[in-house]
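Subject: A structure for you to look at

Hello,

Here is the structure I promised to pass on to you. Have a look around it first, and then read my notes below.

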Amino acid sequence: MSEGARAALLGLSERVDWLVARFCEAVVLLVGGALLALLTANVLARYALDSGGFRFAQELPERLFPVFIMAGVALAVQKGGHMAVETVLAMLGRQGARALLLVGHAIVIVSYVILCREIFGLAEIMAIDRSPVLGLPSSYGYYTLGIGTILIILTTLTLAIRVALVGPEAMPIPGPEELIS
């Protein structure tokens, strides 16, 4: 591969990663803020209203929480904050570590593609079931998981591209607060 093609592929990988990160960060901030505001308003309403709070405030967090979690999972993958055992990588040379990481990324991508396909199939089936208060289809949560798996696939693919072109040192290094010894 020519140096120009390598640089273009790395640049594309970084742009996709940047877009996924900004999207996920926005989702975490917006949904997290909405959850906090909703739950706070419901607690206050329990004391202020004779009805004992908002009926929808029980159901809406259940619908928003998967969105919050999946965005956080995609961010964790990007930052290397997912669970990893690196003992074998440390024993391999640079090329061996690169090969093992690429095989691992390929397994993750294929697994998530299969999972994503199944999730979207299940979402179609669950669309007929509706939540009792808001009337939202039960497929909502499944679509959230499906979109989250797509974000994880994109993130894992960008990591694989960087590892293939740069080497194992392209893997993100989590902060010390994220490490468990």
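The chain holds five helices and zero strands, so in order from the N terminus you will read α-α-α-α-α. Please keep in mind that this is a predicted model.

Next, the overall form. The C-alpha trace spans about 70 × 40 × 30 Å along its principal axes. The radius of gyration of the chain is 20 Å, whereas a compact globule of 181 residues would have one near 16 Å.

What about the inside and the surface? Of the 181 residues, 34% are buried. The chain exposes about 11,100 Å², and 71% of that comes from carbon and sulfur atoms. Among contacts with a separation of 6 or more, 73% are between residues 24 or more positions apart.

The charges are worth a look too. There are 12 positive and 14 negative ones in the chain, and the mean positions of the two groups lie 4 Å apart.

Finally, the cysteines. How many disulfides are there? The count is zero, taking a disulfide as two cysteine sulfur atoms within 2.5 Å. C24 is in no disulfide, and the nearest cysteine sulfur to it belongs to C116, 14 Å away. Why does C116 not form a bond with C24? Because their sulfurs are 14 Å apart, which is too far. Both residues are buried: C24 has a relative accessible area of 0%, and C116 has one of 8%.

Enjoy exploring, and write back with any questions!

Best wishes

Technical notes:
Residues are numbered from 1 along each chain as its sequence is written. This is a predicted model: local features need pLDDT of at least 70, side-chain atom pairs count only at pLDDT 80 or more; totals for chains, interfaces and linings use all residues. Side-chain values use heavy atoms; hydrogens and water are left out. Helices (H or I, at least four residues) and strands (E, at least two) are DSSP runs, numbered from the N terminus. The radius of gyration is taken over C-alpha atoms; the globule rule is 2.2 Å times the number of residues to the power 0.38. Buried means under 20% relative accessible area, exposed over 50%, partly exposed in between (1.4 Å probe, protein chains only). Contact means heavy atoms within 4.5 Å. Accessible areas come from the Shrake-Rupley method with a 1.4 Å probe; for residues, only the protein chains shown count as cover. Lys and Arg count as positive and Asp and Glu as negative; His and the chain ends are not counted. The place of a charge is taken as NZ of Lys, CZ of Arg, CG of Asp or CD of Glu.
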